[in-house]
Amino acid sequence: MRDCEAIKKSLGAWLDGELDAAQAAEIQLHVQGCASCSDEKGRLERLDFSLKRLLETNASQIDFKTFWAGVSQRIAADVSWSTRAMDWVRAVFFTPRLKWAVSATVVVLVAVLSLDQFFPGWRGNGQTNMASVESIDGHGFNVALLREAKTKTTVIWLFENQESEDETPTESASGDTAF
């Protein structure tokens with residue numbers, strides 16, 4: 001159930017028969033039980049009656065020929081090319097139907113730009129900007145390889161395993177890496 005302010009805003013549409021059946025029934029039920037909204041309904045009905053009566057009594061005195069002549073003159077008037085161009089621009093670029101197209105374009109652009117994150121090498125060249133490091137452990141000596149495809153760089157590290165059982169502390173401190 002809506003409050004009185006919402007009902008009062010809809011009273012004019014209800015009295016003109018512009019609401020659907022459910023809304024009309026809701027407003028009618030509210031107006032029957034609310035003195036304030038019932039008073040507002042009565043005020044609108046009296047205003048409508050007064051306007052109709054005034055228009056009916058004075059309609060014969062109104063000169064509609066000048067009114068229709070003005071309407072015909074506006075229709076027949078030549079519109080400048082700049083006004084037509086602005087009307088075309090407004091019709092094409094500022095329509096509500098383009099709102100979803102802008103959102104869809106943004107989503108497609110983000111998806112295309114993030115393809116490399118989810119599918120590295122999707123462009124078919126098989127190269128990525130990522131480097132790979134591989135290491136091999138074996139009997140106190142280790143080998144590590146760094147490969148980068150973009151610059152075709154390979155770095156090889158050979159070093160002794162510092163955690164092996166046969167090492168002494170002085171050996172591990174001296175010369176533990178070699179290129």
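Contact, in what follows, means that heavy atoms lie within 4.5 Å of one another, and it is in this sense that the buried residues of α3 pack against α1 (4-15) and α2 (21-33). The model is a predicted one, and its mean pLDDT over the protein chain is 81, with 83% of the residues reaching 70 or more. Over residues 169-176, however, the pLDDT is below 50, and this stretch has 7 contacts in the model beyond near neighbours in sequence.

Taken as a whole, the protein chain comes to 8 helices and 4 strands, which follow one another along the sequence in the pattern α-α-α-α-α-α-α-β-β-β-α-β. Of its 179 residues, 11% count as buried. When contacts between residues at least 6 apart in sequence are considered, 22% of them join residues at least 24 apart.

The N-terminal helices can be followed pair by pair, beginning with α1 and α2. These two helices pack at an angle of about 120 degrees, with their axes 10 Å apart. Angles of 65 to 115 degrees count as roughly perpendicular and those over 145 as roughly antiparallel, and α1 and α2 are therefore oblique to each other. Their crossing is left-handed, and the contact is made by Cys4, Ile7, Ser10, Leu11 and Trp14 on the side of α1, and by Ala24, Ile27, Gln28, His30 and Val31 on the side of α2.

One of the α1 residues in that contact, Ser10, is buried, with a relative accessible area of 14%, a value that falls under the 20% limit for burial. Apart from its neighbours within four places in sequence, Ser10 is in contact with Arg2, Leu19 and Ile27, and Ile27 is itself among the α2 residues that make the contact between the two helices. Ala13 also lies in helix α1, and its contacts, again leaving aside neighbours within four places in sequence, are with Glu18 and Leu19. Although Ala13 and Ala24 are 11 residues apart along the chain, their C-alpha atoms are separated by 9.2 Å.

The pairing of α1 with α3 has another geometry. Here the helices pack at an angle of about 30 degrees, with their axes 10 Å apart, which makes α1 roughly parallel to α3, because angles under 35 degrees count as such. In this case α1 passes α3 in a right-handed crossing. The residues that meet are Cys4, Ile7, Lys8, Leu11, Gly12, Trp14 and Leu15 in α1 and Ser36, Cys37, Glu40, Lys41, Leu44 and Glu45 in α3.

Helix α3 itself comprises 24 residues, 35-58, which at 1.5 Å a residue should span 34 Å, and the 35 Å between its end C-alpha atoms agrees with that expectation. Within α3, Cys37, Glu40 and Gly42 are buried, and both Cys37 and Glu40 are included in the set that meets α1.

Further along the chain, Leu158 lies in strand β3, which covers residues 153-160. Leu158 is partly exposed, with a relative accessible area of 45%, a value between the 20% limit for burial and the 50% limit for exposure. Although Leu158 and Asn142 are 16 residues apart in sequence, they are 5.8 Å apart in space, C-alpha to C-alpha.

Definitions and conventions:
Residues are numbered from 1 along each chain as its sequence is written. This is a predicted model: local features need pLDDT of at least 70, side-chain atom pairs count only at pLDDT 80 or more; totals for chains, interfaces and linings use all residues. Side-chain values use heavy atoms; hydrogens and water are left out. The expected span of a helix is 1.5 Å times one less than its number of residues. Buried means under 20% relative accessible area, exposed over 50%, partly exposed in between (1.4 Å probe, protein chains only). pLDDT is the predictor's confidence in each residue, from 0 to 100. Axes are lines fitted to C-alpha atoms, for helices over the stretch in contact, and angles run from 0 to 180 degrees between N-to-C directions. A crossing is left-handed if the near helix is turned anticlockwise from the far one by less than a right angle, and right-handed if clockwise.
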